[in-house]
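This report describes a single model, starting with the surroundings of one residue and then turning to the sheet, the helix and the core.

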Amino acid sequence: MLRNSLNGVFSVYKPKGLNSRKATDYVQLALSNELLGRASSKLKRNELIKIGHGGTLDPLAEGVLVLGVGSGCKQLSNYLKCNKEYIVTAKLGQSTDTFDSEGKVVNQGNIDHLTASLVEETLRAFKGTISQTPPMYALIFSA
């Protein structure tokens, strides 16, 4: 069967605003259509190739999304253990009602005391292995 003919791991660029599942679904449909030699937005479940992603990227993030196809899906857990690099653009001194760049600014602080060396020194605490607590979780359980 054609849908079992693709196997492997590869990466795609996931743009900002698209969640990882939607990006994976898009690639799945495109590859399935290519194998079948047609273009359809509606395929039967048994016509779709097996595909998965090796780690979820935030919908507001852009970057590399690792995909596994066919037997490559079993290899995806290996990619979760890899070193990752994040490049961040931040607006200091503001907090929003959604804890991200999309929300309404609810607090504005003074940042006049910040220097490049203070920011660089503070960033060192964020290097290495980190167990992150999502802000909504911390807000709910700290009350």
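## Surroundings of L65

Once neighbours within four places in sequence are set aside, L65 is in contact (heavy atoms within 4.5 Å) with F10, S11, V12, K14, S20, A23, T24, H53, G55 and L57.

The model is predicted, with local features needing pLDDT of at least 70 and side-chain atom pairs counting only at pLDDT 80 or more, while totals for chains, interfaces and linings use all residues. Residues are numbered from 1 along each chain as its sequence is written, and side-chain values use heavy atoms, with hydrogens and water left out.

## Sheet and helix

Three strands (DSSP E runs of at least two residues, with helices being H or I runs of at least four, numbered from the N terminus) form an open sheet in the order β1-β3-β2, with antiparallel pairing (at least two DSSP bridges between two strands). Because β1 (8–14) and β2 (51–53) stand at the edges with a single partner strand each, one side of each has no neighbour in the sheet. From one strand to the next, the twist averages 30°.

The antiparallel pairing of β1 and β3 extends over seven bridges, and F10 stands opposite L67 in β3. Across β1, β2 and β3 lies α1, which runs at about 155° to β2 (axes are lines fitted to C-alpha atoms, for helices over the stretch in contact, with angles from 0 to 180 degrees between N-to-C directions).

## Nonpolar core

The largest nonpolar core (buried Ala, Val, Leu, Ile, Met, Phe, Trp, Tyr and Cys residues joined through side-chain atoms within 4.5 Å, where buried means under 20% relative accessible area with a 1.4 Å probe, protein chains only) has nine residues: V12, A23, V27, I49, I51, L57, L65, L67 and V69. The elements giving two or more residues to this core are α1 (20–36) and β3 (63–69), and β3 supplies the largest share, three residues.

How values were computed:
Buried < 20%, exposed > 50% of the residue type's maximum accessible area, 1.4 Å probe, protein only.
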